[in-house]
Amino acid sequence: MKDHDPSDEAMRPDRREFMKKSGVAVAGAGVMSTTALLATPTDAWAQALTALDAGEVKTLLRMTRDVYPHDGLSDGIYMKVVEMLDAAAAKDPATDKLLSDGVKELNAAARNRFKKDYTAVAKESDRVAILQSMESTAFFQKIRGDMIAGIYNNPDVWKVLGYEGPSAHLGGYLKRGFDDIAWL
Amino acid sequence: MAAKYNLTDDKVVVVIGSGAGGGTLASELAIKGIDTVLLEAGNRWEIPDFENDEWSNFVKISWLDPRSTSGNWRVAKDFSGLPAWIVRAVGGSTIHWAGASLRIEDHEFKAKTTYGDIAGASLLDWPITRAELDPYYDRAEKKMGTTGTNGIPRLPGNNNYKVLAAGAAKMGYKNFHTGNMSINSQPRDGRGSCQQIGFCFQGCKSGAKWSTLYEAIPKGEASGKLEVRPNSMAVRIVHDAKGKVTGVEYADKSGKIQLQKARVVCVAGNSIESPRLLLNSASNMFKDGLANSSGQVGRNYMRHMTGSVYAVFDREVHMYRGTTMAGIVTDESRHDPSRGFAGGYEMETLSLGLPFISAFLEPGMWGRDFTWAMDRYENMAGMWLVGEDMPQASNRVTLNPNLKDAYGLPVANVHFDDHPNDIAMREHAYQQGCALYESVGAVKTYKTPPYPSTHNLGTNRMSENPRDGVVNKWGQTHDVKNLFVSDGSQFTTGAAENPTLTIVALALRQADYIAKQMAAKEL
């Protein structure tokens, strides 16, 4: 997160402004405003998962953030993805093995390059370099593929990224800004 | 009231598939008083079943039976098991379609004459002209309530359209508007007007968008001459010793094979399943598949030159609000070889929700470049580029001997290689699309590769000469008199336009022909 281009900030849509306009109360914004979830995940949470051990869970949590890094999303969003992976591993031994072996491979690649485990590599760009070296593996593709649904099909994420979603039950967007663009 | 026919009733016309072609044809035949059985592989969902949820509705209505792919097209890499994005439900892909309703141009019906010989392309002129089809286009537009025709006002432009229109004006384009859309801009034919819901691809919750599901099919059923049988997957067409077809075997809801006898059979399962069914119906008499003496069944598979441009602006757009495709620039649809390719393309607004844009914007992309775009989703505008692709004999639907479906039948393999003309057109279209958005201040543009094919065409093509294609100008197979093809697989060439209006016009025309031939005891 330290590594990203600060000039990006100038481009970032103003979330608070958006949320005000779209009528999403801060209290109603779910996990993103919950202080507890903004803290680093606790060992208690990691240990509560069934198939993956605490070390694997922490590695996957770091990895999921590195694959689709959104600074505006809380850890809670990524924790949900890891919970989904854990549930899949609990159901299917092949998935369990894919994930466990993948984490081992990831750590081996990290030690090979930086002499430490993946989560201990401090710079995001260094971790990304490790991931790039594993991009074609079934493990990486499983994580990346599952994350598309795990992140972008999550209504809590829609609120943050500015997608208002279903509209039929609200009468469509006819009276809710379908043609309200004013800057052209 | 809906009719009910016996399996042994050999007086019925059996139509396979209930989309734009099959649904329209079955309805028309029934209204003319002809006993008609409509077999549909999928379920019968109704409007309340549609969900404003991209993934959940995709899983509910899409054709997800196994298929395989090959060739150098990008879809084979990104979506190897899903060559096409089409529907398995009563109403077929008229549930998913966006509503764009354009007539194929006169010069496009004469593709070979207009474009000349193009290396590697199996171009032909259609055996019909625009003038011959015009009366049926008139009827189709009236039936479907197409905006911009019959005095029906065009839809209001949404934010995504306004960006497109502003860019088009800056580019010096002259022909742009909210399209000829079969979506009610005012209440019509018992259905309400568009509520700008978005989610046109997920089934229209207001019923403003035309679909055979709630327009043609109920009207056919009301005639008392149409039985719709959902969850009935046609697996083989059978014939007698003289080579006339006599019925259709289909798997019912429980997977049990039934045989519906028939006087006439019309195949409208979309351009992948229709040739697959003919090939899977091979017999001792027709060793290479039914109606395939030409060897053309499955060949010349076309899917339109497609691609999308998405642009990120520094201000909000909210492209997903409102009608998905109500916006078009037609200036590039002309044939103008000075651009470096034959044929033309349309630029049409398109938006995807966050769940789908993340999957389709640049499949496989990850990291900060990707999340930069997703963080600016609300500032995005998008367009679809859709143009004529070259027919090639080697682009082909074949049976995959190594992969079987739930009924033990070989699935379709869809092979497609881009023709150099397709590539040149796509490059041009990407450039123009990016320039259009940059002219109104786009900060970044994305050249999004093709989605799984929605416009599947040409695999049972129409030809004057029986050697060159599978069906004649009426969609009647050259080889078997009482066997018809009634979907987009009849298309001789792809043309630049979205195909649904032409499929409906051809179905209306075919219904007249079948009725006359039956009355004259020719069928």
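Which residues of helix H8 (residues 124-133) of chain A are buried? In this predicted model, they are Glu124(A), Arg127(A), Val128(A), Ile130(A) and Leu131(A). Look down the axis of H8(A) and you'll see these buried residues fall within an arc of 155 degrees, so they line one face of the helix. And what sits over that face? The cover includes three helices of chain A, namely H5 (54-67), H7 (93-114) and H9 (138-152), along with H11 of chain B. That last helix takes us across to the other chain.

One of the buried residues we just met, Glu124(A), reaches over to chain B: its side chain meets that of Arg368(B) in a salt bridge, with 2.9 Å from N to O. Side chains of opposite charge can pair when their charged atoms come close. On the chain B side, the helices H2 (54-61), H7 (159-171), H10 (354-360) and H11 (368-375) each supply at least two residues that touch chain A. H11(B) gives the most, with six residues.

Now step back and take in the whole interface. Here 46 residues of chain B are in contact with 47 residues of chain A. Between them, the two chains bury about 4100 Å², and carbon and sulfur atoms give 60% of that area. Polar links show up too: 24 residue pairs are in polar contact across the interface, counting pairs with both residues at pLDDT 80 or more. Sorted by class, the side of chain B that touches chain A has 21 nonpolar, 14 polar and 11 charged residues. As for salt bridges, four of them cross between chain B and chain A.

Salt bridges aren't just an interface matter, so to speak; the structure holds 47 of them over all chains. Let's follow a few inside chain B. Start with Glu221(B), which forms a salt bridge with Arg44(B), the closest N and O atoms being 2.9 Å apart. This pair links distant parts of the chain: Glu221(B) is in helix H8 (residues 216-222) of chain B, while Arg44(B) is in the loop between strand E2 (36-39) and H2 of chain B, 177 residues apart. Are the two partners buried or exposed? Glu221(B) has a relative accessible area of 13%, so it counts as buried. Arg44(B), at 25%, counts as partly exposed.

Next comes Glu215(B), which pairs with Lys143(B) in a salt bridge whose closest N and O atoms are 3.1 Å apart. Once again distant parts of the chain are linked: Glu215(B) lies in the loop between strand E4 (176-177) and H8 of chain B, Lys143(B) lies in helix H6 (residues 130-144) of chain B, and the two are 72 residues apart. Glu215(B) is buried, at a relative accessible area of 3%, and Lys143(B) is buried as well, at 13%.

One more pair to visit: the side chains of Arg426(B) and Asp418(B) meet in a salt bridge at 3.6 Å, N to O. Arg426(B) is buried, with a relative accessible area of 11%, and Asp418(B), at 17%, also counts as buried.

Finally, zoom out from single pairs to a network. Salt bridges that share partners join Glu28(B), Lys32(B), Arg139(B), Lys143(B), Asp189(B), Glu215(B), Lys219(B) and Asp512(B) into one network. You'll recognise Glu215(B) and Lys143(B) in there, the pair that links distant parts of chain B.

Terms used. Residues are numbered from 1 along each chain as its sequence is written. Chains are lettered from A and ligands numbered from 1 in the order in which they are written. This is a predicted model: local features need pLDDT of at least 70, side-chain atom pairs count only at pLDDT 80 or more; totals for chains, interfaces and linings use all residues. Side-chain values use heavy atoms; hydrogens and water are left out. Contact means heavy atoms within 4.5 Å. Buried area is the accessible area (1.4 Å probe) that two parts lose on being put together, summed over both. A salt bridge is a side-chain nitrogen of Lys or Arg within 4 Å of a carboxyl oxygen of Asp or Glu. A polar contact is a pair of N or O atoms within 3.5 Å; within protein, one must be able to donate a hydrogen and the other to accept it, and residues adjacent in sequence count only if both atoms are side-chain atoms. Helices (H or I, at least four residues) and strands (E, at least two) are DSSP runs, numbered from the N terminus. Ala, Val, Leu, Ile, Met, Phe, Trp, Tyr, Cys and Pro count as nonpolar, Asp, Glu, Lys and Arg as charged, and the others, Gly among them, as polar. Buried means under 20% relative accessible area, exposed over 50%, partly exposed in between (1.4 Å probe, protein chains only). The arc is that of the directions from the helix axis to the C-beta atoms.
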